[in-house]
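User: I would like a close look at one part of this model, with enough of the surrounding context to judge it.

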Amino acid sequence: MAISKVERLMNLVIALLSTRQFLTAERIRDSVAGYEESASDEAFSRMFERDKNELRDLGIPLEVGPVGRFSGQEGYRINRDAYELPDIDLTSSETAAVAVAVQLWESPELASAAESAVLKLRAAGVHVDPEAASASVPAVPARTRGSEAALGRLLAAIDAGRAVRFEHRVTHNAPYALRDVEPWGVVTRHGRWYLVGHDRDRDAVRTFRLSRIGAEVEVYGPENAVHKPADVDLRRIVAQVTGASPVTGSATVWVAQGRGQEIRRLGTQLDERTVDGRVGSVVEVPVRSRDWLARLITGLGPDALVLAPEDLRADVISRLRSVLERTEVSA
C-alpha cells in the first residue's frame, strides 16, 4: 500500500529528530518509509526538495551540515533544541486541563508509527539518540489536525502540483461555499492548520483554516501545473491573516471571585474590591474589538461590572436590558 505524504513527512521528522548525526539524502531515501516509491533519482530529488520546503513552511528547524569531519557530503537533521518547546509553567487548573486533553486525544497510532520508523533506522545502521528513541510521541489534539481527510488530500495535491475544489465556511455556523484553489502549502500557527493558495474564482491569495474545510476534497487538473511563487512566504501570509487586531484602548472591569476567567486571562489585575458584598478583582483589559469585549462582559451577567470607560459601560447595560426585556420571568 502506498504511503501518504502525511505519513512520509512524519517518518522524515522522526528520522531527523532521532539522530544527532547529519543524514545524507541517499541514507534518507534508503531508510525513511515513503521514498522507496520514487521511480528515479530525479523523482526522489524533486520529492525530497518539496518535503524539505514543506517542513520549513511548518516551522520545523531543518539543519544542513557535513556528514563527517573529513567528508564534503552534506546531510540533514532537525535541531532538537529549536524544535522542542521550552519549559512551560502551568497553574494547577491548567495542568489538570492538559492532562484531561491528553487522555481524551491520545493517539496510539502515532506512537506505533514512531517505533516502527526508529526500528527501521537502526536496521539501516543509523545511530539513534537513546533519549529521542525513548521519548513518547505527543498526542495530536483533534482541533490541530483539522479535517484529517482534507489534510491528506490537500498535501497530496500540493505534492503533485494540482488544483483542488472543496467546500469551506468562514465560521463554524456559516453555510459551506465551494472554493476552487491552487494550493501552495499548509502551515501551522497557534495550534491550527491553514491552507494557503490562489483562489481562482476570486483571483487572489486566500488562507483557509483546515477545520472549516469539508472532508471531500476534489483534486483535479494536470500534474505540476500549480507552483508556489518563489517570493511567497506562507508563514508570513498566515501570520498577517490570523494576527490580533491592534490595541485601541483599555477598559477597567470588576469580575467576581472565581468568575470571568477569560477577562482575567486577557487583562492585568490591578486591585481587589468588594461590590455588593461580593469579593472580586479589578482588571485592566486591552481593547482590540469593543463589540467583542462588550458581548463577553454581557455574557458574564452579574459576575462582571464595567468601571471604565463610560461608553463601554453604557453599551453593556443596554445589552443587559435588551436581554431582560426579551426574557420571560416566572414566579
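User: What does the accessible surface of the protein chain come to, and what percentage of it belongs to carbon and sulfur atoms? With that settled, please look closely at strand E10 and the strands that it pairs with.

Analyst: This is a predicted model, and the accessible surface of its protein chain comes to about 19,600 Å², of which 50% belongs to carbon and sulfur atoms. Of the 331 residues in the chain, 37% are buried, and the secondary structure consists of 13 helices and 11 strands. Among the contacts that link residues at least 6 apart in sequence, 61% join residues at least 24 apart.

Turning to the part you asked about, strand E10 spans residues 278–287 and is joined by 8 bridges to strand E8, residues 249–256, with the two strands running antiparallel. Within that pairing, Ala251 stands opposite Val285 in E10. Strand E10 is also joined to strand E9, residues 268–275, this time by 7 bridges and again in an antiparallel arrangement; here Asp271 is the residue that stands opposite Val282 in E10. E10 therefore has pairings with both E8 and E9, since at least two bridges are what a pairing requires. The connection between E9 and E10 is a hairpin with 2 residues between the strands, and Asp276, in the turn, has a positive phi of about 50 degrees. As a general point for reading the side chains here, those of a regular strand alternate between the two faces of the sheet.

For a contrast with these strand pairings, consider a pair of helices, H1 (residues 5–17) and H3 (residues 41–57), whose axes come within 11 Å and cross at roughly 75 degrees. Because angles of 65 to 115 degrees count as roughly perpendicular, H1 and H3 are described as roughly perpendicular to each other. The residues that meet there include Leu9, Leu12 and Val13 in H1, and Met47, Phe48 and Leu55 in H3.

Some caution about confidence belongs with all of this. The protein chain averages a pLDDT of 79, and 76% of the residues score at least 70. Confidence is highest in strand E11, residues 304–308, with a mean of 96, and lowest in helix H8, residues 142–145, with a mean of 45. Over residues 100–113 the pLDDT stays under 50, and the model has 14 contacts beyond four places in sequence for that stretch. The pLDDT likewise stays under 50 over residues 132–146, for which there are 30 such contacts.

Note on methods. Residues numbered from 1 in each chain as written. Predicted model: local features only at pLDDT ≥ 70, side-chain atom pairs only at ≥ 80, totals over all residues. Heavy atoms only, no water. Helix = DSSP H or I, 4+ residues; strand = E, 2+ residues; numbered from the N terminus. pLDDT = per-residue confidence, 0-100. Contact = heavy atoms within 4.5 Å. Buried < 20%, exposed > 50% of the residue type's maximum accessible area, 1.4 Å probe, protein only. Areas by Shrake-Rupley, 256 points an atom, 1.4 Å probe, with all protein chains shown as cover. Axes fitted to C-alpha atoms, helices over the stretch in contact; angles between N-to-C directions. Parallel < 35°, antiparallel > 145°, perpendicular 65-115°, else oblique.
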